[in-house]
Amino acid sequence: MTTETDSDTVPLVRSQEPADVARRIEAVLLIVDEPQSLVALAAAVGAPVPTVRQAVETLVADYDGETGGPRRGFELREVGGGWRLYVRDEHDDLIAEYVGGQAPSRLSQAALETLAVIAYKQPVTRSQVASIRAVNVDSVVRTLLARGLITEVFTDPETGAINYGTTDALLVNLGINSLDELPHISPLLDDGSDGFDAEVLR
């Protein structure tokens, strides 16, 4: 007969102090690519929605310099019913210059595959790309955004999901004038007429 230990039965209890909740919200917002609703944030940080709403309002005021500290170079903005960190508009030129001045490097295989999905399926959300590739694509999408190869096209007003598309920089890198010049995928796919490899069927 086995007995359950305390660690098996006692759920993790997180502090509900406003400052602790705010710090957990910051941690989540630093890694997300799409606006998060108050309900989603509440579930992520293990706090009631009213507490999360108060913490978000506190963070907004803090970043805007309304609590005695400096005004930050980023802001917490509500977009499409969700919250996300954004660079302030006045720094757009600086960020564009910084990103453009970075030494170019070769894209990884994961980045190339993600870029191909976006190019052929755009406009497409990050979750849709992740579903197609069957892997998490958060970091890859951030890399492609930083390289200026993709951009945020629009935000779905109902879900808050950001839809991505390619930029003119991709066309320049590929040496084409429009996406219409991309090769058609269908002729490149195996139609299965010769059967499938036995290893694949296992």
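Author: Let's start with what counts as a helix or a strand: both are DSSP runs numbered from the N terminus, a helix being H or I over at least four residues and a strand E over at least two. By that rule the chain has 10 helices and five strands. This is a predicted model, in which local features need pLDDT of at least 70 and side-chain atom pairs count only at pLDDT 80 or more, while totals for chains, interfaces and linings use all residues. Residues are numbered from 1 along each chain as its sequence is written, and side-chain values use heavy atoms, with hydrogens and water left out.

Reader: What makes Tyr 63 and Phe 74 an aromatic pair, and why edge-to-face?

Author: Rings of Phe, Tyr and Trp (its six-membered ring) pair if their centres lie within 6.5 Å, and the planes are stacked under 30 degrees, edge-to-face over 60 and tilted for the rest. Here the centres are 4.8 Å apart and the planes make 65°, so the rings pair, and they do it edge-to-face. The structure holds one aromatic pair. This pair ties Tyr 63 in helix 4 (residues 49–63) to Phe 74 in strand 1 (residues 74–79), 11 residues apart.

Reader: Why is Tyr 63 called buried, and what does Phe 74 count as?

Author: Buried means under 20% relative accessible area, exposed over 50%, and partly exposed in between (1.4 Å probe, protein chains only). Tyr 63 has 2%, so Tyr 63 is buried. Phe 74 has 31%, so Phe 74 lands in the partly exposed class. For the chain as a whole, 31% of the 202 residues count as buried.

Reader: How do you know that strand 1 and strand 2 pair?

Author: Two strands pair if DSSP finds at least two bridges between them. Strand 1 and strand 2 (residues 82–87) have six and run antiparallel, so they qualify. Glu 78 faces Trp 83 across that pairing. The two strands make a hairpin with two residues between them, and Gly 80 in the turn has a positive phi of about 60°.

Reader: What makes Arg 77 sit over the ring of Tyr 86?

Author: A charge sits over a ring if NZ of Lys or CZ of Arg is within 6 Å of the ring centre and within 35 degrees of the ring normal. The charged end of Arg 77 is 4.2 Å from the centre of the Tyr 86 ring, so the distance fits the cut-off. Arg 84 also lies over the face of Tyr 86, at 4.9 Å from the ring centre.

Reader: How do you know which residues Leu 38 touches?

Author: Contact means heavy atoms within 4.5 Å. Leaving out residues up to four places away in sequence, Leu 38 touches Val 49, Val 52, Arg 53, Val 56 and Trp 83. Leu 38 lies in helix 3 (residues 38–45), and its 18% relative accessibility puts it in the buried class.

Reader: What is notable about the phi of Ala 134, and is Ala 134 buried or exposed?

Author: Most residues other than glycine have a negative phi, and most peptide bonds are trans. Ala 134 has a positive phi of about 60° although it is not a glycine. Ala 134 is in the loop between helix 7 (126–133) and helix 8, and its relative accessible area of 65% makes it exposed. As for peptide bonds, the one from Gln 122 to Pro 123 is cis, with omega near -5°.
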